[in-house]
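Let's look together at how two protein chains meet. Keep the structure in view as you read.

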There are 4 protein chains.
Amino acid sequence: MFEVIVLRTKELILHTAVTLFNEQGTGKVSTNHIATSAQMSPGNLYYHFKNKEEIIRAILDQMYAKWHPIWSLPDDIQVTLEDLRSRLLLNFEILWEYRFFYREAIALLQADAELKQKHQQMMESRMLDQEAFIGRFVQSGVLQFNHGVDNHRQLFTAGWIVATNWLGFLEMNGVTVDSARLQEGLELILSIIKPYIAIHAGEGNSYDHIEKKLSED
Amino acid sequence: MFEVIVLRTKELILHTAVTLFNEQGTGKVSTNHIATSAQMSPGNLYYHFKNKEEIIRAILDQMYAKWHPIWSLPDDIQVTLEDLRSRLLLNFEILWEYRFFYREAIALLQADAELKQKHQQMMESRMLDQEAFIGRFVQSGVLQFNHGVDNHRQLFTAGWIVATNWLGFLEMNGVTVDSARLQEGLELILSIIKPYIAIHAGEGNSYDHIEKKLSED
Amino acid sequence: MFEVIVLRTKELILHTAVTLFNEQGTGKVSTNHIATSAQMSPGNLYYHFKNKEEIIRAILDQMYAKWHPIWSLPDDIQVTLEDLRSRLLLNFEILWEYRFFYREAIALLQADAELKQKHQQMMESRMLDQEAFIGRFVQSGVLQFNHGVDNHRQLFTAGWIVATNWLGFLEMNGVTVDSARLQEGLELILSIIKPYIAIHAGEGNSYDHIEKKLSED
Amino acid sequence: MFEVIVLRTKELILHTAVTLFNEQGTGKVSTNHIATSAQMSPGNLYYHFKNKEEIIRAILDQMYAKWHPIWSLPDDIQVTLEDLRSRLLLNFEILWEYRFFYREAIALLQADAELKQKHQQMMESRMLDQEAFIGRFVQSGVLQFNHGVDNHRQLFTAGWIVATNWLGFLEMNGVTVDSARLQEGLELILSIIKPYIAIHAGEGNSYDHIEKKLSED
DNA sequence: TATGAATGAGAATTCATTCAT
DNA sequence: GATGAATGAATTCTCATTCAT
């Protein structure tokens with residue numbers, strides 16, 4: 001019961017901070033703003049977190065924890081394009097939930113060396129997870145590359161960059177983000193790999209059935 | 001001569017500000033820092049610029065001015081893949097020169113409605129310029145799309161996002177940016193459109209000559 | 001058994017506080033630091049002491065209690081220079097044990113009128129004790145003063161000041177305090193009264209035997 | 001004229017700080033208190049001094065500057081006991097003017113390594129000055145020591161400690177400091193060296209004339 | 001006795017900006 | 001055009017202390 005209160009306060013602070021950071025950016029949101037918004041004294045906020053940096057770190061820890069389960073799937077399951085779609089959508093959700101970070105990531109990482117190191121570690125393991133995920137498509141024949149000609153490493157990187165920055169792209173253009181926009185980003189990423197999606201025998205040289213597959217919700 | 005001095009001071013301020021913003025971010029760089037670094041009094045800085053926002057706006061005006069000539073080419077010239085490469089490199093150079101902005105763009109635009117509007121206008125016209133540029137490839141047959149099947153709008157958007165965020169991607173991963181990295185980003189973008197680059201008759205079904213073309217420096 | 005625990009906690013707090021005060025000064029040591037260092041909650045600390053002032057008062061009470069037995073000797077005992085030496089050494093030990101107080105005494109007394117009054121009372125009675133102690137030397141003929149010429153009151157005050165401030169003098173000069181230094185301070189005090197130490201008949205006009213006496217450990 | 005204003009503000013800050021520090025101690029006096037008391041904004045105080053430490057350093061620099069001329073006399077002048085008296089009085093005045101420092105010296109030096117180093121340097125050169133000053137008495141025969149028996153080094157150190165701590169001794173005992181008290185401290189110091197003041201031939205074995213000399217104002 | 005979350009005043013410091021010269 | 005002293009609100013963070021449990 002004691003524990004519950006602790007968690008509540010800590011989580012209340014983190015939740016409030018994320019909301020304000022997303023709304024106004026970390027620079028404009030002071031620790032006093034967070035405390036006031038969470039209806040507590042500044043002293044209490046500092047009782048739970050040593051400083052602003054630590055709040056940001058704790059937020060990112062929350063975020064990191066949400067990523068791993070998305071891209072790491074049991075080995076014995078056959079992944080489909082539908083799996084890719086659903087993972088990308090979950091990915092977008094996290095990116096949106098913590099969008100303040102992606103808007104200021106370089107500055108934030110520059111200001112906190114410890115965070116930078118941790119972040120790069122997390123990114124590395126996330127990339128490995130995602131590459132392994134993609135690797136399954138190649139193995140299962142859903143994706144086909146001409147060895148020595150097609151660089152699937154490049155396509156993967158391009159897809160990664162688009163996935164990470166799609167929401168920011170919308171925001172910079174003043175576009176309101178909604179689920180339709182997330183779908184749009186998803187199609188965008190799939191459009192990069194579309195030429196490499198295998199055409200099953202007997203289906204002719206038409207992309208139609210894939211088109212159908214890609215645009216299903 | 002009078003004018004010249006005015007311009008010099010203004011430009012000195014802008015140049016100093018860009019350098020410091022790139023190094024430390026707009027949040028950490030105060031107007032007094034800029035003045036000190038430019039070896040002038042804060043009063044003088046404020047004589048030339050109404051406030052910090054106006055400095056940032058002036059910097060972005062400089063940046064906007066550099067973009068237009070890159071993507072707007074005379075109509076009668078036949079564009080080649082080599083032209084695309086060189087334009088993209090020039091693009092990267094601008095992105096690098098004003099990288100502070102791309103690192104904090106959303107926050108900066110959120111904080112300054114006037115700037116936001118201007119920026120979106122600039123982006124729109126830049127997109128039109130670039131789309132027109134790409135359009136020429138399609139017209140000239142260098143790029144081939146299956147109407148109704150391939151969405152070249154999507155590919156263009158994906159390419160744009162990758163182009164705009166490639167440097168940030170490197171920075172976030174702690175990679176030092178140099179000309180080799182710019183090349184790498186360039187190949188990345190080209191890899192997206194590679195499947196749509198036309199194979200000239202008589203050249204067989206090999207991608208070899210394109211490979212050669214893409215990897216030329 | 002109940003009582004024992006109370007005493008233990010109280011004494012643990014006092015002991016911890018003295019250690020931290022000596023290390024960092026009363027200003028830098030918060031009640032929370034004391035509680036953390038003593039491995040208890042701040043609430044518990046405040047259960048035992050009303051506030052920080054009261055902790056300091058209790059510490060000084062401990063100190064005062066240690067002084068009385070040093071300088072008050074049974075009347076029927078003949079005091080020697082050796083007694084003076086040993087008392088001064090014990091004196092130094094107390095001064096060192098509670099050195100934080102002597103470093104900040106004036107500020108501490110100024111901030112707490114009650115403490116100030118108590119302290120001055122204690123000092124007065126200590127001075128009386130010490131003067132009585134010295135008086136015995138005069139009575140016993142070990143010290144000889146020319147009445148009306150030599151002001152032994154002054155010599156006593158000078159000795160007192162040197163005794164009280166010798167450790168601070170070392171600290172201010174960055175000298176590490178060890179037992180050799182305590183000896184040194186002791187000799188310093190004795191050097192003030194050396195001219196008044198009586199030369200026994202038959203010992204010539206040499207100071208040699210006194211020299212020997214003074215430098216014995 | 002510009003310079004004058006600068007000096008005035010800086011000196012106003014230092015003067016106000018010394019006054020408040022002497023009254024309440026450095027711990028209780030915040031930079032905001034100083035600014036308010038000096039009738040300026042906190043910002044302006046920080047325009048002139050980087051931080052509180054720097055204010056304290058500047059104050060001590062003022063103090064150090066006042067010491068040197070006191071104890072360094074031209075070589076060709078014959079120093080008298082009267083010179084010693086007047087120097088000691090000037091010394092007391094400085095100690096009184098900056099008494100806050102002597103009350104908290106160890107804590108202040110511990111908190112600022114740079115200050116500590118400078119202070120110890122200053123103390124060393126001050127000791128040399130003073131020792132040289134005393135040396136003249138020995139040379140001129142005013143003071144006589146039995147070599148190998150009397151340790152005049154010790155007497156000097158004792159005198160130094162008494163001189164430095166006389167005012168603190170008064171304060172701790174709740175005694176108001178006035179010029180009579182300064183005289184008293186002076187006599188105290190002289191009482192230590194009295195046995196070594198030479199008796200001129202023909203003046204008998206009485207200390208009377210010296211007594212007269214020592215107690216003159 | 002003891003815990004530990006919570007308070008809120010206040011400390012040091014920064015910064016965009018103004019203004020008299 | 002240029003200087004630099006001055007402002008005052010805001011920011012981060014600390015700390016003695018309280019109180020429900």
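Across the interface of chain B and chain A there are four residue pairs in polar contact, both residues at pLDDT 80 or more. A polar contact is a pair of N or O atoms within 3.5 Å; within protein, one must be able to donate a hydrogen and the other to accept it, and residues adjacent in sequence count only if both atoms are side-chain atoms.

This is a predicted model, in which local features need pLDDT of at least 70 and side-chain atom pairs pLDDT 80 or more, while totals for chains, interfaces and linings use all residues. Residues are numbered from 1 along each chain as written, chains are lettered from A and ligands numbered from 1 in the order written, and side-chain values use heavy atoms, without hydrogens and water.

How is the side of chain B that touches chain A made up by class? Here it is:

| Class | Residues of chain B |
|---|---|
| Nonpolar (Ala, Val, Leu, Ile, Met, Phe, Trp, Tyr, Cys, Pro) | 21 residues |
| Polar (the others, Gly among them) | 11 residues |
| Charged (Asp, Glu, Lys, Arg) | nine residues |

In total, 41 residues of chain B are in contact (heavy atoms within 4.5 Å) with 43 residues of chain A. Now for the symmetry: a turn of 179° and a shift of 0.1 Å along the axis lay chain B on chain A with an RMSD of 0.2 Å, superposed by least squares on C-alpha atoms of residues with pLDDT of at least 70 in both. That is the relation of a two-fold axis. In chain B, the C-alpha of B:Glu104 is nearest the axis, 2.6 Å from it. The copies meet through the same surface, because 100% of the interface residues of chain B are also interface residues in chain A.
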